[in-house]
Amino acid sequence: MKLAQGVALAAVVGLLGLLVWKVVTEQRSSAIPAAVAGGKKPSAPLFELPLLRGEGTVELRSLRGRVVVLNVWASWCRPCASEAADLEASWRRWKSKDVVFLGMDWHDAASDARRFARKHGVTYPLVRDRDGQVLSKYGVDGVPQTFFIDREGRLVGEHFEGPVDQEALSRNIELARS
């Protein structure tokens, strides 16, 4: 009887520890959107993720010296579909000016994500964060979200939680370029 109580107590303590760890890590991950909203320029968390289409990976560090528009999306997200045309048009406008658009697929099946990209004519690079570890570092808890990364690898400008239009894209890209 005492052994069963000890095992049950150990299980409860273990679960409580996991709950505390989850709360603490979620609070830390939300620091980035708050810092950007407060006008700070935190370093963008580095990552290397597999391309959604084709072979290879994209490493954020390799994009230093260029402005990066990081858009988090999912195939099942209606607002993501509504902003897809603006993102693609802006990508075509800015890609010759050392600006990289990078789409990061969130909580999606790869086949659904590829179908979404084809349907909406997305031609900029797309990567997958399969387990969500990268996006948790950015404080992402829903889609769409868009971040702007300057040439030094810092998050700047506005952080959009929801669709972003071409005017807002241009304004924030210019800020990241300066």
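1. Start with the pair Asp 105 and Arg 128: in this predicted model, Asp 105 stands opposite Arg 128, which belongs to strand 5. The strands involved are strand 4, covering residues 99-105, and strand 5; they run parallel and are joined by 3 bridges.

2. Now zoom out to the sheet these strands belong to. It is an open sheet of 5 strands, and reading across you get the order 5-4-3-6-7, with mixed pairing. Strand 5 (126-128) and strand 7 (155-161) sit at the edges; each has a single partner strand, so one side of each has no neighbour in the sheet. Going from one strand to the next, the twist averages 20°.

3. Have a look at the other end of that order. Strand 6 and strand 7 pair in the antiparallel sense, with 4 bridges between them. If you want one pair to find on screen, try Thr 146, whose bridge partner is Phe 160 in strand 7. These two strands also form a hairpin, with 5 residues between them. In the turn you'll meet Gly 153, which has a positive phi of about 85°.

4. What lies across strand 7? Helix 6, made of residues 166-177, does, and it runs at about 160° to that strand. Helix 6 also lies across strand 3 (67-73), strand 4 and strand 6 (145-149).

5. Next, a peptide bond to check by eye. The one from Val 143 to Pro 144 is cis, and its omega is near -5°. You'll find Pro 144 in the loop between helix 5 (133-138) and strand 6.

6. Two residues deserve a note for their backbone angles, beginning with Asp 98. Asp 98 is not a glycine, yet its phi is positive, at about 65°. Its place is the loop between helix 3 (78-94) and strand 4. Is Asp 98 buried, partly exposed or exposed? Its relative accessibility is 37%, so Asp 98 counts as partly exposed, given that the band for that label lies between under 20% for buried and over 50% for exposed.

7. The second residue is His 107, another non-glycine with a positive phi, here about 50°. Look for His 107 in the loop between strand 4 and helix 4 (110-119). With 54% relative accessibility, His 107 counts as exposed. To put both loops on your map: Asp 98 comes in the loop leading from helix 3 to strand 4, while His 107 is in the loop between strand 4 and helix 4.

Technical notes: Residues numbered from 1 in each chain as written. Predicted model: local features only at pLDDT ≥ 70, side-chain atom pairs only at ≥ 80, totals over all residues. Heavy atoms only, no water. Pairing = 2+ DSSP bridges. Axes fitted to C-alpha atoms, helices over the stretch in contact; angles between N-to-C directions. Contact = heavy atoms within 4.5 Å. Buried < 20%, exposed > 50% of the residue type's maximum accessible area, 1.4 Å probe, protein only.
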